[in-house]
Amino acid sequence: QGVPKPFTEVIKANIGDAHAMGQKPITFLRQVTALCLYPELLASPSIPEDAKDRARRLLAACGGQSVGSYSASPGIQLVREDVARFLQRRDGVPAHPEDIFLATGASDAIVSILKLLVWGEGPSRTGVLIPIPQYPLYSAAIAELQAAQVGYYLDEERCWALDVAELRRALAEGRRHCCPRVLCIINPGNPTGQVQSRQCIEDVIKFAYEEKLFLMADEVYQDNVYAEGSVFHSFKKVLMEMGPPYAEAVELASFHSVSKGFMGECGLRGGYVEVVNMDPEVKQQLAKLVSVRLCPPVIGQIVLDTVVAPPQPGD
């Protein structure tokens, strides 16, 4: 409308959509995907053998050796095993395929876990503690599920750090009108970009233990840590290294995705949730819940496999 503005251009940086911003796809990921979609390409000399070996291995794990078949509702067993091996390499602590549920991106997995945890009405209604600023998936899903949003504020003056005293304030405030049962942590932060220190993670785990809160750790930006002195620590690793009573009692669901990091495959929709210390009967209900949608997209599962089990030296 011709109104003067104090800038000359607008740079679109919305939602971390790397490929939409011009990032080129990783060749290996796309080769394996192409081979699985169109196995006739296995005869092509232009595609390297390591990509072909991966495609054959994945196709053998698919019903009818076709990505057009349904997989098991929690995901292809082979891919769940590869995710477990990835987690063991990353954290140095055991991981089990039966604790891993593949999903249509991390977002879908987050909503599934929230569905599992939300119940009650009035003062007994589930409260969910979420960071402010937050990725709007959380406030939207909480509203859709008719849970109660309980915001805790990150400290902008300290690079958006998380402060346990602020968690205590938010929890006390939330208990006036709901029953807080869930604490969501986004680390590395989205949209704030902060990376939590190990000490902060330990403090949060102790807080969750004391207050009997279910921890949800959104870790989809774990490959995007660039600042000097910043290191990503997964909640699972810190929890297990803290030992009892925390390692045996704190319930945790952690999430990862193919959408961020070096891969940036937002549109292919692949991700997972790993659950830790979840009661076996509750985990059975989670298995029922994910089976309602039959299975995550098989192509997304294949991309996830190439991310958690990348080419090795010599391939």
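These exercises work through the contact between two domains of a predicted model.

Local features need pLDDT of at least 70, side-chain atom pairs count only at pLDDT 80 or more, and totals for chains, interfaces and linings use all residues. Residues are numbered from 1 along each chain as its sequence is written, and side-chain values use heavy atoms, with hydrogens and water left out.

**Exercise 1.** State how the chain is divided and how many residues each domain gives to the contact.

*Solution.*
- Start with the bounds, which come from an automatic or database domain assignment. Domain 1 is 19-65 and domain 2 is 77-308.
- Take the centres over C-alpha atoms: 30 Å separate them.
- Now count residues in contact (heavy atoms within 4.5 Å). Domain 1 supplies 16 residues and domain 2 supplies 17.

**Exercise 2.** Find the area buried between the domains and the domain 1 residues that lose the most.

*Solution.*
- Buried area is the accessible area (1.4 Å probe) that two parts lose on being put together, summed over both.
- For domain 1 and domain 2 the value is about 1300 Å². Carbon and sulfur atoms give 64% of that area.
- On the domain 1 side, L29, R57 and L58 lose the most area to domain 2. Together they make up 38% of what that side buries.

**Exercise 3.** Describe the polar links across the interface, and locate the D305 and R54 pair.

*Solution.*
- Side chains of opposite charge can pair when their charged atoms come close.
- The salt bridge rule asks for a side-chain nitrogen of Lys or Arg within 4 Å of a carboxyl oxygen of Asp or Glu. It finds 19 salt bridges, and the count between domain 1 and domain 2 is 3.
- D305 and R54 form a salt bridge at 3.2 Å, N to O. D305 sits in helix α11 (residues 298-308) and R54 in helix α2, 251 residues apart. Helices here are DSSP runs (H or I, at least four residues), numbered from the N terminus.

**Exercise 4.** Which elements give two or more residues to the side of domain 1 that touches domain 2, and what classes of residue does that side have?

*Solution.*
- The elements are α1 (27-37) and α2 (49-60).
- α1 gives the most, with 7 residues.
- By class, that side has 10 nonpolar, 3 polar and 3 charged residues. Ala, Val, Leu, Ile, Met, Phe, Trp, Tyr, Cys and Pro count as nonpolar, Asp, Glu, Lys and Arg as charged, and the others, Gly among them, as polar.
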